[in-house]
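Here are some short exercises to work through with the structure open beside you. Try each one before you read its solution.

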Amino acid sequence: MDTRTQNVSLEDLQNIVGEQHAREAAAEDAIDGVEPRFVAEPGSVEEVSALLKLANDEGLAVAPRGGGTMSRLGNPPRNLDLVLSTARLNEIVEHVPGDQVVRVQAGMKLRDLQEQLAGSNQMVGIDPPETGAGATIGGVVAANSSGPRRYRYGTIRDLIIGVTVVLADGTVAKSGGKVVKNVAGYDLQKLFTGSLGTLGLIASANFRLHPLPEAARTVAVELADTAAVGQAAQAVMHSQLVPSSVELHWGEDAKLLTVLLEGIPPAVEAQAETASFLLRGFGDVRERSDEEAENLGPLPVPGSFTGGDEVALKISAPPSELTGVLDSTWGACSRRGVTPRATGQAGIGVTYVSLSGGDEEAKVQVVEELREVWTRRGGSVIVRAAPAAFKRRVEVWGPLGSRLELTRRVNEKFDPRGILNPGRFVGGI
Amino acid sequence: MRRHGASHSRLGKVWGDGGLEWEGASSVERGQLIRTMEGILGPEGVISEREQLRSYECDGLMNYRVIPELVVLPETAEHVQEVVKLCHDEGIPFVARGSGTGLSGGALPVESGVLIVLSRLRRILEVDIPNQRVVVEPGVINIWVSQAVADEGYYYAPDPASQIVSSIGGNLAENSGGVHCLKYGFTSNHVMGAEVVLPDGSVVNIGGGKAPDAPGYELLGAFVGSEGTLGIATKITLRVVRKPEAVRTLLAAFKDTEEAGDAVSGIIGSGIVPAAIEMMDSLCIEAVETAVHPGFPQAGAVLIVELDGPHAEVESQFEQTIRTCEEAGASEIRIAEDDAERALFWKGRKAAFAAMGRISNDYYVQDSVVPRTELGAVLKRISEIGNEAGMRVANVFHAGDGNLHPLVLYDNDVPGEAEKAEDVAGRIVLTCLEHGGSLTGEHGIGKDKMKYMPKMLTADDLNVMQLLRCAFDPHHLCNPGKIFPTPRLCGERPGPFRMHPVQKAGLAENF
């Protein structure tokens, strides 16, 4: 038993959350092979606060957990004692359709939220690939997960308008509110976006909503080579089309760019026609049906459906360098017997790459080479998912450059004892 | 008027407990500081004469005035770094200022502090159309960005009414909005990266710039809108947006704001996201008509609605918008037939604040937000508050996002009226909070609304926000005395920082 947890018993946790809501951890609660001792499921913000205060006082390392769909994101934990699950914080707190705003508890599953909002013909404009697997609102915010429709609606940071958080010492605080436009005080909801639980636990979040589109069409173009990918993506970006997404699928059995058009039926028809005309110069074009629109392409997103030995990367680069991203990836892989495939947001500059085949050393070298290239060009390469052994060899986030020290100072202010997800985030945080 | 520091005053009176008592020979006198600054910026980069300093005593909010000890005019990012480093090492508070058009006193100088005016950093450094980015210095004027990319079919979306004079750096500090932000978002949605001089003079790059999703904390999102309290941006990467295929604009007249409000709810409820949807009440229409003669109809309220996007979508939704206005009881609907007519509609709207000068000696601009469904109730209450106090209140606002700009009209020559106007404005903002709204939608807290912050946020909320402040600016040197009514101690050693002897010696040689 870890010495840190000797002062804390299961009863201490059960006294806070009730007997049935705290238990000894099981093997499936481990993160990258590191097993916690306890799992607690608080039913209120007050219980979250009491749990964190106890953990902070006793120095327990805490991992907040939503749906667990992104638990492979981040470096292996330095320590782990308590998993704090938001599963019971799973309700819509407030939704006034006329205001196009929703306030929702962190543990609610995104797909459940979307289903309820659809009843008012509304949605949160995010569609991370983990939605179907049960990603929660809090998890999506903490991991800054995004999907194809970010091309039109942006990412969480663009949609979140308020947050309630619980800091490591149990302090409950809010920022923002339930109005779309608000500049009173610091924008902590953006600061917490992508913080991977290291600044505090997100208890609830408020979002602006968008009307649910009435119709959808996907125009797909088959492309012969990477040069054509870059040109086709640029052609869409600089056109007056307003697509919801511009997606790339690049691998052995698919070489495709898809453009999703959504809105009212006459406009979708007209835009699909324009898109087809525009893309015809780059390869064979076909329209996909409404039924296919949700499934934007043939390849699953690397790193989103965890398992096995998959090493999944996320390469961020200026969108005009898409051809270069693909060429550098295929080049680095082919020299080492590794097989890549890629999907991504071609109009944004996000490319997800899956590496298969080759040995571990070869994949490590691929990551290091790509990171060197794309960091120098202003981007980044993160290891989105990989076996723990791999992540012990390659730091998953890559260098932070000039902002490393400031990043550490921010973390120290919010979590001075370093109890929240220690070791998993950037710069050793 | 506050007293101006004497020529031999010691600089840097800041927070609490004996803060900046300097020891003997290491104290910086005003004359020394001027010479050091001139060493960095040249004599033309430093303003120290009292009469010249007075030009900088306030920003767009004129009821607060403080004459700074010194104004400096850096021309490069390196200048800004050196100036900030000097201020930090000597414990002198500083305030950054762009064009000085802010309406909450965010760029109000600090007594015994240095005002860093960024208007000479006005170069557009890079136009990168393939990546839809423009890189600018902070003093670049908002409208210049759109002008720089217009030929390529692009524009910069955030368009505060001040856009022909306000600077990008100031827009970033305040997270400026504008009439088109309902659909396109605010400054924070369009700033993609920034080079920032931190309050200790070090430089960091935050945000991805041209590449998305930089790993680590979303520091850029927290920095934008921090009202100059976390550092000074010296290089800013902006996203520019493709011009839409079609734009349609209409102006609709209604009996009163309630009818116009019904139209707003109807339009948005039908799934349309207008590019802009603005309302003015009768008093506002009267003022605008007197000032810029846009030929607005005489009515209890007018709405300006603009739709943009793909041609087929705009045409269909514009028809729907016209029907909705008619159903809500519009007495007249005018449709802009060309760009000139559209410009005339907007001229009337954007002149609204200034036009108040035609019907009143003075006016107090309020900026607050309510959930859209509360608009009707809040407007009614605003009218009652005005009547109770015997004051006229004109209303112009961004109806789509519930951002109100009540204008309280008064006459400064009548004793007590200014105070009464401020009281009415205060009661209005508290009404907005009662209806689930916010203290400010786009003008900021600055100096003006600090006192209301505890009405909206708890002590814990404010303390947690200040944790971020402490990480960036542990000694409260960067635009101190703004946003937070009660500055939080950061757990650092209070007062001035012991400078390294070598550093000190190097500095002394400059004198």
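A quick definition to begin with: domain bounds here come from an automatic or database domain assignment. Keep in mind, too, that you're looking at a predicted model.

**Exercise 1. Find the domains of chain B, then describe how domain 1 and domain 2 of chain B meet.**

Solution. Step one: mark the bounds. The assignment splits chain B into domain 1 (124–242), domain 2 (246–355) and domain 3 (360–456).
Step two: take the C-alpha centres of domain 1 and domain 2 of chain B; they lie 29 Å apart.
Step three: look at the contact, where 5 residues of domain 1 of chain B touch 9 residues of domain 2 of chain B. On the domain 1 side, you'll find 3 nonpolar residues, 1 polar and 1 charged.

**Exercise 2. Work out how helix H1 and helix H2 of chain A are arranged.**

Solution. Start with what you need: two packed helices are described by the angle between their axes and the distance between the axes.
Step one: locate H1 (residues 10–17) and H2 (residues 45–58) in chain A; their axes come within 9 Å and cross at roughly 155°.
Step two: name the arrangement. Angles over 145 degrees count as roughly antiparallel, so H1(A) is roughly antiparallel to H2(A).
Step three: add the handedness, which is right-handed for the crossing of H1(A) and H2(A).
Step four: list who meets whom. H1(A) brings Asp12(A), Leu13(A), Ile16(A) and Val17(A), while H2(A) brings Glu47(A), Ala50(A), Leu51(A) and Leu54(A). Sort the residues of this contact and you get 6 nonpolar, 2 charged and no polar.

**Exercise 3. Is Thr258(A) buried or exposed?**

Solution. Step one: find Thr258(A) in strand S14 (residues 254–263) of chain A.
Step two: count its neighbours. There are 25 other C-beta atoms within 10 Å of Thr258(A).
Step three: compare with the cut-off, where 20 or more means buried. So Thr258(A) is buried.
Step four: check a partner further along the chain. Arg286(A) is 28 residues away from Thr258(A) in the chain, yet their C-alpha atoms are separated by 9.6 Å.

**Exercise 4. Which element gives the most to the side of chain A that touches chain B?**

Solution. Step one: get the totals, with 68 residues of chain A in contact with 71 residues of chain B.
Step two: go through the elements giving two or more residues on the chain A side, including helix H8 (226–237), helix H9 (265–279) and helix H13 (404–414).
Step three: pick the top one. H13(A) gives the most, with 6 residues.
Step four: sort the chain A side by class, which yields 31 nonpolar, 26 polar and 11 charged residues.

Terms used: Residues numbered from 1 in each chain as written. Chains lettered and ligands numbered in written order. Predicted model: local features only at pLDDT ≥ 70, side-chain atom pairs only at ≥ 80, totals over all residues. Axes fitted to C-alpha atoms, helices over the stretch in contact; angles between N-to-C directions. Helix = DSSP H or I, 4+ residues; strand = E, 2+ residues; numbered from the N terminus. Parallel < 35°, antiparallel > 145°, perpendicular 65-115°, else oblique. Left-handed = near helix turned anticlockwise from the far one by under 90°. Contact = placed C-beta atoms within 7 Å. Nonpolar A, V, L, I, M, F, W, Y, C, P; charged D, E, K, R; others polar. Buried ≥ 20, exposed ≤ 12 C-beta atoms within 10 Å, placed from the backbone.
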